[in-house]
Amino acid sequence: MTSTSPPPGLARFNALEESAARAALHEACACTTWAEQLLAARPYATAEELYAAGDAATARLSAADLDEAMAGHPPIGRPRPGDPASAREQRGMAGASEELKAQMLELNLAYQERFGHVFLICATGRTGEQMRDAVRERLGNTPEREREIVRAELGRINRIRLARLVEDDQDHRDHRDGRDDRGDTSDTMSTSVNTRTGTTASVSTHVLDTSTGRPAEGVAVHLSARPGRDADWRALGGSATDADGRCKDLPPLPAGTTHVRLDFAVEPYLGRTARRQADARRDDPANRDGGPDVFFPEVAVTFAVVPGEHHHVPLLLSPFGYSVYRGS
């Protein structure tokens with residue numbers, strides 16, 4: 001008689017507590033709607049059934065959902081510090097020359113200026129040169145055509161990440177040995193969620209541009225958490241600041257979280273601001289300087305959280321400095 005039991009990795013995902021499963025899905029895709037649709041369809045009999053549900057959910061995403069999903073992806077060539085998933089997927093850029101990295105930075109900024117969002121591509125298995133050529137080609141697309149491509153690329157990325165989520169034998173051996181496939185020590189967040197109790201903390205943020213005196217709109221913010229000082233960081237997903245500079249839909253924190261990290265991808269925003277300011281002072285050589293437009297391309301803020309409390313951590317940003325504090 002043929003067994004209908006799901007493979008071990010998928011069975012473990014099916015059995016996760018809701019908060020842990022939601023966090024795992026947010027790590028695969030930052031879109032809340034996508035994660036909730038997959039969460040609601042548990043349990044899955046086969047991995048292919050899970051992948052098909054992911055494909056269907058991706059196909060149904062609204063424009064706002066797509067924006068939320070893209071906000072969880074760092075620019076090509078700049079994987080988030082401490083995020084092994086993006087570093088692994090962008091391995092093709094790991095050994096890139098400084099010239100290629102500079103080309104990707106310029107093309108990323110040009111792409112974001114044209115389309116208003118990060119350049120999204122399934123980077124797994126691609127070389128740096130292939131990704132550079134892809135962004136060059138896609139810069140010529142219409143916004144409508146580019147959104148179709150973005151949705152398709154997001155679907156490929158989500159499938160790969162779901163496959164990693166339900167890998168069974170190797171994943172089980174690595175967790176049992178205290179290591180994951182990147183060589184990191186493993187104190188998995190799902191285990192922490194299942195063994196810890198207490199009310200979950202919550203986090204919010206907003207970004208103010210002190211050089212203009214205005215909210216900073218369109219800054220991608222990524223959220224990571226860990227259940228102890230010595231535990232590994234777990235990427236939960238992200239969002240982007242709205243017209244008020246606020247990030248209102250960050251993923252929820254898993255139970256047992258003790259430390260949080262917010263990664264602000266400020267370079268695209270500051271690059272746009274610097275270009276506008278340079279245009280404004282073009283006829284005033286006395287105000288020009290020869291330094292970089294963006295001194296801090298990324299801002300990472302790590303802080304401790306208390307269960308049951310809300311933590312609002314604003315970022316005050318300028319091209320050559322920043323500060324953070326606990327707000328209310």
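Modeller: Let's start with vocabulary: Ala, Val, Leu, Ile, Met, Phe, Trp, Tyr, Cys and Pro count as nonpolar, Asp, Glu, Lys and Arg as charged, and the others, Gly among them, as polar. By that sorting, the lining of the second largest pocket has twelve nonpolar, seven polar and eight charged residues. This is a predicted model, in which local features need pLDDT of at least 70 and side-chain atom pairs pLDDT 80 or more, while totals for chains, interfaces and linings use all residues. Residues are numbered from 1 along each chain as its sequence is written, and side-chain values use heavy atoms, without hydrogens and water.

Biologist: What makes a residue part of the lining of the second largest pocket, and which residues lie nearest its centre?

Modeller: On a 1 Å grid over the protein atoms alone, a pocket is an open set of points where a 1.4 Å probe fits, with protein on both sides within 12 Å along at least five of seven lines; a lining residue has an atom within 4 Å of a point. Here 27 residues line the second largest pocket, and Asp67, Ala71, Gly218, Ala240 and Thr241 lie nearest the centre.

Biologist: Which element gives the largest share of that lining?

Modeller: Helix α5, with five residues. Among the other elements giving two or more are α7 (98–115), β4 (234–240) and α12 (267–280). Helices (H or I, at least four residues) and strands (E, at least two) are DSSP runs, numbered from the N terminus; the chain has twelve helices and ten strands.

Biologist: Why is Gln112 in α7 called buried?

Modeller: Buried means under 20% relative accessible area, exposed over 50%, and partly exposed in between (1.4 Å probe, protein chains only). Gln112 has 13% relative accessibility, so Gln112 counts as buried. Of the chain's 328 residues, 47% are buried.

Biologist: What does Gln112 touch beyond its neighbours within four places in sequence?

Modeller: With contact meaning heavy atoms within 4.5 Å, the list is His117, Val118, Gly218, Pro268 and Arg272.

Biologist: How do you know that β6 and β7 pair?

Modeller: Two strands pair if DSSP finds at least two bridges between them. Strand β6 (residues 259–265) and β7 have six, in the antiparallel sense, so they pass that test. One example is Leu262, whose bridge partner in β7 is Val301. Strand β3 (residues 220–226) also runs antiparallel to β6, with seven bridges; Arg226 has His259 as its partner there.

Biologist: Why is β6 described as largely enclosed?

Modeller: Six of its seven residues are buried, so the rest of the structure largely encloses β6. In β7, Val299, Val301 and Phe303 form the covered face, whereas Ala300, Thr302 and Ala304 form the uncovered one.
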